[in-house]
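Biologist: Could you take a close look at one part of this model for me, the protein surface around the DNA? I'd like the contacts spelled out, cut-offs included.

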There are 2 protein chains.
Amino acid sequence: MSAGAVTIGEAARATGVSAKMIRYYEETGLIAPAARTASGYRLYAEADLHALRFVRRARDLGFSVEDIRALLALWHDRARASAQVRTLALSHVSDLRRRIEALEGMARTLENLAAHCVGDARPDCPILDDLAAGPHADS
Amino acid sequence: MSAGAVTIGEAARATGVSAKMIRYYEETGLIAPAARTASGYRLYAEADLHALRFVRRARDLGFSVEDIRALLALWHDRARASAQVRTLALSHVSDLRRRIEALEGMARTLENLAAHCVGDARPDCPILDDLAAGPHADS
DNA sequence: CTTGACCTTCCCATGATGGGAAGCCCCACA
DNA sequence: TGTGGGGCTTCCCATCATGGGAAGGTCAAG
């Protein structure tokens with residue numbers, strides 16, 4: 001099949017995962033230790049690149065490295081139940097939704113405050129007034 | 001006026017900022033070094049607590065410590081233009097909105113994938129298939 | 001005077017990433 | 001055959017905001 005193994009720089013270019021991160025993933029056991037040349041260079045075969053692309057895609061979807069560890073295990077487990085994958089994905093979605101709500105709350109509050117701030121050369125500013133009032137119950 | 005100064009633990013309780021963080025904020029110059037008792041205990045007067053509550057509120061609204069540094073400066077500057085505060089706040093809002101959009105994209109993608117995954121005992125799983133396909137253009 | 005709760009400083013860890021130094025390796029070209 | 005430049009190796013450090021914990025001093029109540 002294809003030419004065979006490539007070095008870490010080419011693997012990085014081919015997968016969108018930086019060489020730094022490839023080494024880090026190896027060090028933390030997320031991916032298997034790469035094969036090495038006689039002189040110690042890491043070598044990546046097509047299957048390794050495939051795994052790296054998997055990791056990259058999962059990172060793009062916001063999964064933590066720990067989550068990806070689980071996803072990779074499921075990927076490699078041909079006897080997995082798709083329910084497990086689905087559960088993992090949906091629990092990540094609720095996490096995302098929770099974070100989105102938190103950020104939404106902040107954005108809404110700030111937009112409200114900004115809407116009441118004339119924003120001219122005068123010093124009067126409801127935004128600072130709000131901050132100065134300290135921690136709020138919410139919104 | 002009020003009873004005077006309190007120790008760091010009471011300040012933490014009174015402001016919702018942990019003692020650890022209070023020391024950190026002092027170390028990094030976000031807040032002024034606290035007064036000290038003869039034996040070296042930090043002491044916080046009402047004005048200090050006010051500043052800490054300001055910081056806490058700003059953190060709750062997602063401002064970075066660096067942003068808060070600017071906000072505190074504006075707060076203390078009685079000649080400030082409210083426009084400056086407003087600009088800072090709105091730029092933070094766009095940052096929040098950008099992050100929200102990124103998370104939304106992830107959540108939507110995962111929900112789509114999950115919707116196509118039967119999630120039973122069988123191994124077939126569009127979620128893993130997607131991940132295995134590697135980095136995507138988007139959505 | 002003891003006890004327990006508090007304070008001090010100092011160091012370490014997190015998660016995922018990048019920066020950079022020192023030193024080895026490999027290929028192409030002269 | 002020698003050399004230059006680019007790529008590889010490992011190792012250490014920084015980020016950002018936060019917490020944990022150890023070793024040791026302090027304070028107030030009993």
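Modeller: H2(B) gives the most to the surface near DNA strand D, namely four residues. Helices here are DSSP runs of H or I with at least four residues, numbered from the N terminus. At least two residues each come from helix H1 (8-15) and helix H2 (19-27) of chain A and from helix H2 (19-27) of chain B. This is a predicted model, where local features need pLDDT of at least 70 and side-chain atom pairs count only at pLDDT 80 or more, while totals for chains, interfaces and linings use all residues. Side-chain values use heavy atoms, with hydrogens and water left out; residues are numbered from 1 along each chain as its sequence is written, and chains are lettered from A and ligands numbered from 1 in the order in which they are written.

Staying with DNA strand D, 19 residues surround it, and the closest are Thr7(A), Arg23(A), Tyr41(A), Lys20(B) and Tyr25(B). Sugar and phosphate make up 68% of the strand D atoms that come within 4 Å of the protein. "Near" means that a heavy atom of the residue lies within 4 Å of the strand. By class, that surface has seven nonpolar, six polar and six charged residues. Ala, Val, Leu, Ile, Met, Phe, Trp, Tyr, Cys and Pro count as nonpolar, Asp, Glu, Lys and Arg as charged, and the others, Gly among them, as polar.

Now the polar contacts, meaning pairs of N or O atoms within 3.5 Å (within protein, one must be able to donate a hydrogen and the other to accept it, and residues adjacent in sequence count only if both atoms are side-chain atoms). On the backbone of strand D, a phosphate oxygen is 2.6 Å from an N or O atom in the side chain of Thr7(A), and a phosphate oxygen is 2.9 Å from a polar backbone atom of Gly9(A). The side chain of Tyr41(B) goes for a base instead: one of its N or O atoms is 2.8 Å from a base nitrogen of strand D.

Tyr41(B) turns up at DNA strand C as well, where a side-chain N or O atom is 3.2 Å from a base oxygen. Lys20(A) has a side-chain N or O atom 2.4 Å from a base oxygen of strand C, and Ser39(A) puts a polar side-chain atom 2.8 Å from a phosphate oxygen. Around strand C, H2(A) gives the most, with four residues. Of the strand C atoms within 4 Å of the protein, 71% belong to sugar or phosphate and the rest to bases.
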